[in-house]
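Trainee: I would like to learn how to read charged pairs and helices in a model, beginning with the salt bridges. Could you take me through them step by step?

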Amino acid sequence: MDKYRRQLTKKEEPHSPGEEEHIVKMWTPLHFCTPVGYDYFPKSRLFITVNFLLRQLVYVVGPVIFKVFFGLRVVHGDRLKTLPQKGVTVCNHVHMLDCGVVACHMGRRRICIPTLESNFCIPGIRWLVRLLGGIPLPGKVQPFRQMNEALTDYINKGHLVHVYPEGILYPRYNGIRTFKRGAFSLAYECNVPVIPYVIRYVEPEGLERIFHRKKVMRLYILDPVYPDTKKNKKEETLRLCDEVRRKMEEVFTKNNP
């Protein structure tokens with residue numbers, strides 16, 4: 001009897017995912033592996049035109065959708081006026097569409113979003129990801145180096161690269177998880193700031209309660225954090241990573257009731 005009770009209790013316990021475990025499983029029937037020499041930023045007029053038109057559509061429709069369905073409100077939206085021309089943006093990864101949430105609040109800027117290779121294995125979606133600025137994160141060394149070179153060149157031309165330092169999507173998680181250092185190393189190499197965005201879920205207030213039963217989304221835009229390229233790269237990358245993470249954590253610690 002005790003053995004049965006232990007088994008039953010074990011089955012009922014909520015699963016606690018690990019840092020590297022994918023919580024959201026996507027249907028990926030196709031195969032894709034980033035080849036050497038992959039064209040991360042096509043220069044064809046057709047691609048550039050479609051990319052531009054799709055982005056304009058997202059900028060117009062996106063905020064309305066996020067407001068209606070997610071209850072999204074932006075905190076410190078005035079900081080968009082002083083957003084650096086180029087840099088690396090980071091955000092906690094808590095929703096499948098949070099890249100759209102961030103992209104719609106960058107002052108209509110062009111943005112590149114490195115994403116999992118598996119997202120390029122989804123029929124139909126992979127072309128949309130590609131056309132909206134997504135590029136694959138290679139699993140092999142040589143293509144990864146080429147991607148890093150392409151991103152460096154992209155930033156130096158005056159654009160933004162958006163990175164999820166947590167790496168893995170954890171839906172509706174209210175907190176900041178462990179960071180990988182790639183985004184901060186890239187910011188150091190390009191001598192550009194890291195611009196933190198934070199998504200937090202809160203209880204609906206006022207009229208929001210009529211339309212939303214679950215917690216609603218808040219997007220916080222924080223002040224940029226600049227690297228000191230006169231210092232050692234490894235030490236400064238760690239400092240940058242720790243400072244940005246601390247500032248993002250403060251969104252949750254300072255705003256808890």
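Mentor: With the salt-bridge rule applied to this predicted model, the count comes to 11 salt bridges. As a general idea, side chains of opposite charge can pair when their charged atoms come close.

Trainee: Which residue forms a salt bridge with Glu166, and how far apart are the closest N and O atoms?

Mentor: The partner of Glu166 is Arg177, and their closest N and O atoms are 3.1 Å apart. Both residues lie in the loop between strand 5 (160-163) and helix 6 (182-190), so the pair ties together parts that are 11 residues apart in sequence.

Trainee: Is Glu166 buried or exposed, and is Arg177 buried or exposed?

Mentor: The cut-off to keep in mind is that buried means under 20% relative accessible area. Glu166 has 3% relative accessibility and therefore counts as buried, and Arg177, with a relative accessible area of 6%, is buried as well.

Trainee: How should I read salt bridges whose two partners lie in one helix?

Mentor: An α-helix has 3.6 residues a turn, so residues three or four places apart point the same way. In helix 8 (residues 233-255), Glu243 and Arg239 are four residues apart, about one turn of the helix, and their side chains meet in a salt bridge with an N to O distance of 2.3 Å. Glu250 and Arg246, also in helix 8, have that four-residue spacing too, and their salt bridge is 3.0 Å from N to O.

Trainee: What is the relative accessibility of these four partners?

Mentor: Glu243 is partly exposed at 22%, and Arg239 is partly exposed at 30%. Glu250, at 25%, counts as partly exposed, as does Arg246 at 40%. Elsewhere, salt bridges that share partners join Arg73, Glu208 and Arg218 into one network.

Trainee: Turning to helix 2, how far apart are its end C-alpha atoms, and what span should its 26 residues have?

Mentor: At 1.5 Å a residue, helix 2 (residues 45-70) should span 38 Å, and its end C-alpha atoms are 35 Å apart, which agrees. Helix 2 also bends by about 35 degrees at Val61, with a proline, Pro63, following within four residues.

Trainee: Which residues of helix 2 are buried, and what do they pack against?

Mentor: The buried residues are Phe47, Asn51, Arg55, Tyr59, Gly62, Phe66 and Phe70, and they pack against helix 3 (98-103), helix 4 (125-131) and strand 7 (216-221). After helix 2 comes Gly71, whose phi is positive, near 65 degrees.

Terms used
Residues are numbered from 1 along each chain as its sequence is written. This is a predicted model: local features need pLDDT of at least 70, side-chain atom pairs count only at pLDDT 80 or more; totals for chains, interfaces and linings use all residues. Side-chain values use heavy atoms; hydrogens and water are left out. Helices (H or I, at least four residues) and strands (E, at least two) are DSSP runs, numbered from the N terminus. The expected span of a helix is 1.5 Å times one less than its number of residues. The bend at a residue is the angle between axes fitted to the seven residues ending there and the seven starting there. Buried means under 20% relative accessible area, exposed over 50%, partly exposed in between (1.4 Å probe, protein chains only). Contact means heavy atoms within 4.5 Å. A salt bridge is a side-chain nitrogen of Lys or Arg within 4 Å of a carboxyl oxygen of Asp or Glu.
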